[in-house]
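Let's take a friendly walk through a protein model, one stop at a time. Keep the picture at hand and look for each place as it comes up.

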Amino acid sequence: MLYSVRMRAAQGGDHAAGGRHISGAERLVPPGEAAALAGELVERALGHSRGRADFINVTVEAVAAQAVRLVPIPAVRTVAVADATAGRTAALEELARAGVSAAAALAGMDSLAALPDSMRGAMILCAACGRRLDGSGERGIRVSRMDAADGAALLAALRRRGLANDHVREALVLAAKVAAGPGMAAELCWSDDPEYTAGYVASRRGYCRFAHLKEYGCPVGGRVFFAAPGCDVAALVDYLERQPVLATLANWEE
Ligand code: WAQ
Ligand code: MG
């Protein structure tokens, strides 16, 4: 038995009542780790650089071990870019290589860049025409019920690459789950933490990092999932929100 432990924090009340998104986290742990983790996530929410949370929701929910699916953590590449403008140009090129049309890639980039503030979840766009496919509005689709299969091994592997920080670890696990989704073509992401400018494009080509996808100090980040044309959006959303997933390093070369 595993427990899904998830936290979402907002300022100005519950997200559902219009509160501003501050922080969120998703983990999948053995019962013995759930209580300490819940406390850790509350602490994280209270100390977040996006601002002081006045609403924190922690959910702890059992997940049947036999329901868990294993997915591979994508290989990581880092593209050196001088600033956010260069990073976004390079990210558009990577999206094209992943099979996203130029129009859709630009629509995704523009949707993130135009957000007045960060959403709690992600937008799903058609990888061919760029149209928004999910009906979740300003909330976005929240990917949930995932973790690294072996957190210590992932941390060690990231350390060897000089990438051992929470942002990379959590983003890799999320990207692993998303990339394995039915009908998924690619993902575009940059952080909503004002001091963290990096972002990535993930696809079956791997996890391609860019040191800068936004300006330093900007509190607006987000995620766009590009779905292949003809994708069953309801099945994809159900997978993203509900399918328990552990991400493994199986395909990583050392
Ligand atoms: N499901 C869907 N969308 C999410 C989720 C989730 N579980 N978690 C975050 N988001 C969305 C939401 O709109 C956030 O505002 C946005 O993504 C950014 O989230 O290789 O730190 O947790 O150096 O701030 C990427 C680069 C860091 C890491 C990403 O994202 C690297 C990051 P954050
Ligand atoms: Mg953040």
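## A helix and its neighbours

The buried residues of helix α1 pack against three strands: β1 (2-11), β2 (20-29) and β3 (55-63). Please remember while you look that this is a predicted model. Which residues of α1 are buried? They are Ala34, Leu37, Ala38, Leu41 and Ala45.

Now try a small length check. Helix α1 covers residues 31-46, which makes 16 residues, and at 1.5 Å a residue it should span 22 Å. The C-alpha atoms at its ends are 24 Å apart, so the model agrees with that expectation. The helix also has a bend of about 25°, found at Leu37. Leu37 is one of the buried residues of α1 as well.

Glu33 sits in helix α1 too. Its relative accessible area is 44%, so Glu33 counts as partly exposed. Look across to Tyr3 as well: Glu33 and Tyr3 are 30 residues apart in sequence, while their C-alpha atoms are 8.8 Å apart in space.

## The loop between β1 and β2

Next, find Asp14, which belongs to the loop between β1 and β2. Is Asp14 buried, exposed or partly exposed? Its relative accessibility is 22%, and because buried means under 20%, Asp14 counts as partly exposed.

Leaving aside residues up to four places away in sequence, Asp14 touches Arg8, Gly19 and Phe55. You can also measure across to Ala53 in your viewer: Asp14 and Ala53 are 39 residues apart in sequence, and 9.8 Å apart from C-alpha to C-alpha.

## The magnesium ion

Which protein residues act as donors to the magnesium ion (ligand 2)? They are Asp192 and Asp193, each through an OD atom, lying 2.1 Å from the ion.

Both donors can be checked for burial. Asp192 has a relative accessibility of 16%, so it counts as buried. For Asp193 the value is 10%, so Asp193 counts as buried too.

## The loop between β10 and β11

Val220 lies in the loop between β10 (206-210) and β11 (222-227). With a relative accessible area of 13%, Val220 is buried. If you set aside residues up to four places away in sequence, its contacts include Arg50, Leu112, Trp190 and Lys214. Another of the residues touched by Val220 is Asp192, which you met as a donor of the magnesium ion. The C-alpha atoms of Val220 and Pro194 are 7.5 Å apart, although 26 residues separate them along the chain.

Glu215 is found in the loop between β10 and β11 as well. Here the relative accessible area is 52%, so Glu215 is exposed. Glu215 touches Ala84 and Thr197, again not counting residues up to four places away in sequence. Its C-alpha atom is 9.0 Å from that of Tyr196, and these two residues are 19 apart along the chain.

## Rings to look for

How many aromatic pairs does a search of the whole structure find? It finds 1. The pair is formed by Tyr200 and Tyr207, whose ring centres are 4.4 Å apart and whose planes meet at 25°, so the pair is stacked. The cut-off behind that word is that planes under 30 degrees apart count as stacked. Tyr200 has 2% relative accessibility, so it counts as buried. Tyr207 has 4%, so it is buried too.

There is another ring to find, that of Tyr239. Lys177 lies over the face of Tyr239, at 5.2 Å from the ring centre.

## An unusual backbone angle

Most residues other than glycine have a negative phi. With that in mind, turn to Arg145, which is not a glycine and yet has a positive phi of about 65°. Where is Arg145? Look in the loop between β6 (123-126) and β7 (146-148). At 7% relative accessibility, Arg145 counts as buried.

Key:
Residues numbered from 1 in each chain as written. Chains lettered and ligands numbered in written order. Predicted model: local features only at pLDDT ≥ 70, side-chain atom pairs only at ≥ 80, totals over all residues. Heavy atoms only, no water. Helix = DSSP H or I, 4+ residues; strand = E, 2+ residues; numbered from the N terminus. Expected span 1.5 Å × (residues − 1). Bend = angle between axes of the 7 residues up to and from the residue. Buried < 20%, exposed > 50% of the residue type's maximum accessible area, 1.4 Å probe, protein only. Contact = heavy atoms within 4.5 Å. Donors = N, O, S within 2.8 Å, 3.2 Å for Na, K, Ca; no water. Phe/Tyr/Trp six-rings, centres within 6.5 Å; stacked < 30°, edge-to-face > 60°. Lys NZ or Arg CZ within 6 Å of the ring centre and 35° of its normal.
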